[in-house]
Amino acid sequence: MAFSSRRGANTWSASSPSTSSILPSSSSNTKSKAARKGRRRAWVRDLVSGNFFLIGLVLSLSLFLLILLRFGVPKPITTHFRATRYSRPRKPRPDAANLSVDLTTKALYDKIDFLDVDGGAWKQGWSVTYRGNEWDSEKLKVFVVPHSHNDPGWKFTVDEYYDRQSRHILDTIVHSLAKDSRRKFIWEEMSYLERWWRDTSDEMKESFINLVKHGQLEIVGGGWVMNDEANSHYYAIIEQIAEGNMWLNDTIGFVPKNSWAIDPFGYSSTMAYLLRRMGFDNILIQRTHYELKKELAWHKNLEYIWRQSWDAEETTDIFVHMMPFYSYDIPHTCGPEPAICCQFDFARMQGFVYEQCPWGQYPVETTQENVQERALKLLDQYRKKSTLYRTNTLLVPLGDDFRYINVEEAEAQFRNYQMLFDYINSNPSLNAEATFGTLEDYFVTLREEAERINYSSPGEIGSGLVEGFPSLSGDFFTYADRQQDYWSGYYVSRPFFKAVDRVLEQTLRATEMMVALILGCCRRSHCEKFAMGFSYKLTAARRNLALFQHHDGVTGTAKDHVVMDYGMRMHTSLLDLQIFMSKAVEALLGIRYDKLDNSPSQFEPAIVRSKYDAQPLHKVISIHEGSYQSVILFNPLEQTREEVVMVVIDSPDVTVVDSNWSCVQSQILPELQYHNSKIFTGKHRLYWDVSVPAMGLETYYISNGFGDCEKAMPAKLKIFSKSSSVACPTPYSCVKMEAGVAEIENKHQKLTFDVKYGLLQKILLRNSSPNIVNEEIGMYSSSGGAYLFKPNGDAEPIIEEGGQLLVSEGPLVQEVYSYPRTAWQKAPVSHTTRIYSGESTVQGFVVEKEYHVELLGQDFNDKEVIVRYKTDIDNRKIFYSDLNGFQMSRRETYDKIPLQGNYYPMPSLAFIQASNGQRFSVHSRQSLGVASLKNGWLEIMLDRRLVRDDGRGLGQGVMDNRVMNVVFHLIVEANISATPNLVSTPFPYSPSLLSHRVGSHLNYPLHAFISKKLQDMTVKPPPRSFSPLAAPLPCDLHIVNFKVPKPLKFLQQPPEGPRFALILHRRHWDSSYCRKGRSHCTNLANETVNLFSMFKEFTVLTAKATSLNLMHEDPEAMGFSELFGDLAQEGHVAISPMEIQAYKLELRAQ
């Protein structure tokens, strides 16, 4: 996505063949060093000349032995085309344990005044000048990188864009590059390339492959899309990159190593980490705060080494190039003066479809008569831009959205730039050389220059990865592009589909596990046929999840019909996955194996969606006399799960037993709906305790009577309603509330509510003083749009005195339902609070908040609704929010930044804490936006409805709101050891072990399946459960994924290699909180886990360490030592906290 007023694209021409090439070659570093050597004495010269061969032989042998001792016997080198690996050894750092960095984003924010000073031609910078002698000793080497940014959905759907533009662009690239070997291009999105590959001719495919082989065309990133970095969960990011990279490697034989991310609206350090562990070497980014760009450019720090905040050994280091100017379009990439750069966008010449340059000076055809004047004007911009960087190697992107649409446009660019480059390259006095290039060309040349010339600043820590550049930790949120316009609105836009994204993610992950378990455990032909027959729909689900990670998908920044297209794709895949899982439980439980692929399943999911934008509904279970209903639960987590579950039934007179036919305690509550008068639906919610093995299945049965088992206990109801009388439903007992305060409690905590407003007031932990948690629901008036949050003042509370309140009390669940009174007849937000029983279960420590949001109708135009928790925690406006569900980031509210700039992404967790260790955490099952605008406050935006377009190219507001439920899990904790000063440290605190487990339970819930037919009470099946792990994994070790990457090739003989993949994440947790997580947690990953003894249903035959995209098996490519690979081959999993490691496994059923 670019700005509608900034459309345009140019292509640049390659250097003249008569000039010396600046591309990397074996002779590129042959500069004589004689001038730098001192004069030698005559006798030394004579001695050397007389014994030349002997000395040479001794030195050669010595060097050879030294290399063997240092690095061992070298392994064979494997490459994909030109994907040369930078293998320069790191310098050892004796102080690694105390390693710091040169720059943090916190320190940058502390330093910058954010005054938005007008810099002239470069409005967000300054008037750039140069002396002229900067390139005397090292000439300026300019790489012009032609590109075309193809959004997989934005103003049009991915299919519409493909048919209108992208297929033609790919045709144009192949035809244009084939004409001249000096021409270069880069391509990013595999979603379009894969579609084009299906449609194009064999001749075009062959030509494309040859262009890649010969380095004219580089695939950068190579993910299915260029993903968003604020809202996307790290599981989905790994999946979308792996899906694109696997297709690319299988089809073309190329593995990318340079990432190109010009359009995401801010950048996450999680992305840098994942790319490093996928074998990427370099990253290019663009959209960071313009004031931050200016500060970095002033000190020549736009290129740096990005390091994770926990990394003391530099294993996560990755090289980053940040573009310096406003946009990635041609007027803002050749240099600091867009009015001049636009004159070199030759696709804006008369006769082309793109808008003319808005500065009033237009591009003209380059001729022999004007080439000198035009080339010098362009070179002047290149020189000015190069002064913002340390080296004399310069990157100049050349493109824009959906450029190079036809050969005429491409030729206009290549033809004109060739003449300009030929002039520059044929004049040695200019000390410059310009050519078309790829990212690989640029980064190789830059590193080669950095090897020869020391660009380090005095006292700089830097990195052993590439010397001469500063090291940096932190992330780049919240993005502002101009005039204090902050892009914090997209953290929340289209929240309904942000929630569907996560449902698809956790359903896909569970399905991947089931496919792997079936193919690993059940080597019957029926099982293999069933799992492999699902391959096409499994691949479609992977790709539909991947597609939505696009930076105009999960962000909620596409046009309405495009959002509908994303939603339909996700909905289709959800249905496919649920149908497969419903059948897979039969195979895993041994109920049946034959005809699974072409016969109806005996089970169906307990939660269903009728259409793509509908709320999920519980299937209603009907129980008849003399029959029972089966409920099967799948636990996708790696630890045994004990919690209270719920199904909806039509009759309250029921009993629950487990698969051994033992009685299970149960409770019923009336099913409720969010309505201002009709609270009860007439149905009932049945709750009972379950225990489900790790990655396993457990069966429970529901009947209207099992022998001596007690029937489900009805909850006791307390009702407060001033507006109307509420009839008490059968079989519940009801009393009217008169007190001004309501309370619910379990063994761990007591909650207090204000009855008049229906809002939470306090949370009291056992053996602790009360924690003030005043809940407030408010609303901003706003003039923003899909991207921008532009509040007109502070949020105003909307809850008035006198709504309806229903308190339900029972042995398993206690609940407070509130339909509040507001200025509108239909409340935009109503909500429920629940706590569950459980002596030492994760669920027992949680406060569950469910907000029912209906921001519908013109009454709510230009409104943004929030929930605010006003606590007594002295957090000093410092809080912590997660990055992609992977790590935390420290946030601080700055008075010098407007309110909207102090909002940050919250994909899954935010917390505040005081210096005394009191901590208040909010876990979310979908991505939203969060702030702490005043001391003790934590504020989360729930939904937004904006009429206007905010001037960033979309051309519409956000008016397609859907009814939805937002679910949070709140926890209050007190630590058991001292906490350092909150203000001074730039680095984040980690969640507690309990907090990690709460997040896992919320984001990876149990999957419930119910039998389609009732069973007769006289027929009792044997115990049905499935437990594939030999023992639950340590509590801080998480299975990110367990899958068969290529199920279609599962039976291929001989196999390509190990057919299963396991990805593990060891979570880092704050040790100042309870070590055992206040729940069943006796095992931690301090000791090595062994892959060979991990499973009991099958045997692990081989294990190989691999990168997260499953492309590399060389540990060095991922930043690890050789020890990582050696340990993996022995089956040992030794993971440091925070690390994610992937393994390829070969399994055999026992």
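Me: Which elements each supply at least two residues of the lining of the largest cavity?

Reply: α3 (105–111) and β39 (887–892) each do so; helices are DSSP runs of H or I with at least four residues and strands are runs of E with at least two, numbered from the N terminus. The largest share of this lining, six residues, comes from β39. The model is predicted: local features need pLDDT of at least 70, side-chain atom pairs count only at pLDDT 80 or more, and totals for chains, interfaces and linings use all residues. Residues are numbered from 1 along each chain as its sequence is written, and side-chain values use heavy atoms, with hydrogens and water left out.

Me: What makes a space a cavity, and how many cavities of 30 Å³ or more does the search find?

Reply: A cavity is a set of points, on a 1 Å grid over the protein atoms alone, where a 1.4 Å probe fits but cannot get out; its lining residues have an atom within 4 Å of a point. Eight cavities of 30 Å³ or more are found in the whole structure. The largest has a volume of about 300 Å³, a volume being the space filled by probe spheres set on the points, which are joined across faces, edges and corners. Its lining holds 25 residues, and T105, G474, D475, S889 and R890 are the closest to its centre.

Me: How does the lining of the largest cavity divide by class?

Reply: There are ten nonpolar, nine polar and six charged residues. Ala, Val, Leu, Ile, Met, Phe, Trp, Tyr, Cys and Pro count as nonpolar, Asp, Glu, Lys and Arg as charged, and the others, Gly among them, as polar. The second largest cavity, of about 100 Å³, has nine nonpolar, five polar and two charged residues in its lining. β5 gives the most to that lining, with three residues.

Me: Why is the pair of F265 and Y490 called edge-to-face?

Reply: Rings of Phe, Tyr and Trp (its six-membered ring) pair if their centres lie within 6.5 Å; planes under 30 degrees apart count as stacked, over 60 as edge-to-face and the rest as tilted. F265 and Y490 have 5.0 Å centre to centre and 90° between the planes, so both conditions for an edge-to-face pair are met. F265 lies in the loop between β5 (258–261) and α8 (269–276) and Y490 in the loop between β13 (485–486) and α14 (495–521), so the pair ties together parts 225 residues apart in sequence.

Me: What makes F414 and F436 an edge-to-face pair, and how do you know that F414 is buried?

Reply: Their ring centres are 5.1 Å apart and the planes stand at 75°, so the pair is edge-to-face. F414 belongs to helix α12 (residues 407–425) and F436 to strand β10 (residues 432–436), so parts 22 residues apart in sequence are tied together. Buried means under 20% relative accessible area, exposed over 50%, and partly exposed in between (1.4 Å probe, protein chains only). F414, at 2%, is therefore buried, and F436, at 0%, is likewise buried.

Me: How do you know that the charged end of R524 sits over the ring of Y593?

Reply: The test asks that NZ of Lys or CZ of Arg be within 6 Å of the ring centre and within 35 degrees of the ring normal. The charged end of R524 is 3.9 Å from the centre of the Y593 ring and sits over it. R919 lies over the face of F911, at 4.0 Å from the ring centre.

How values were computed:
1 Å grid on protein atoms, 1.4 Å probe; cavity = no way out; pocket = protein on both sides within 12 Å on 5 of 7 lines; lining within 4 Å.
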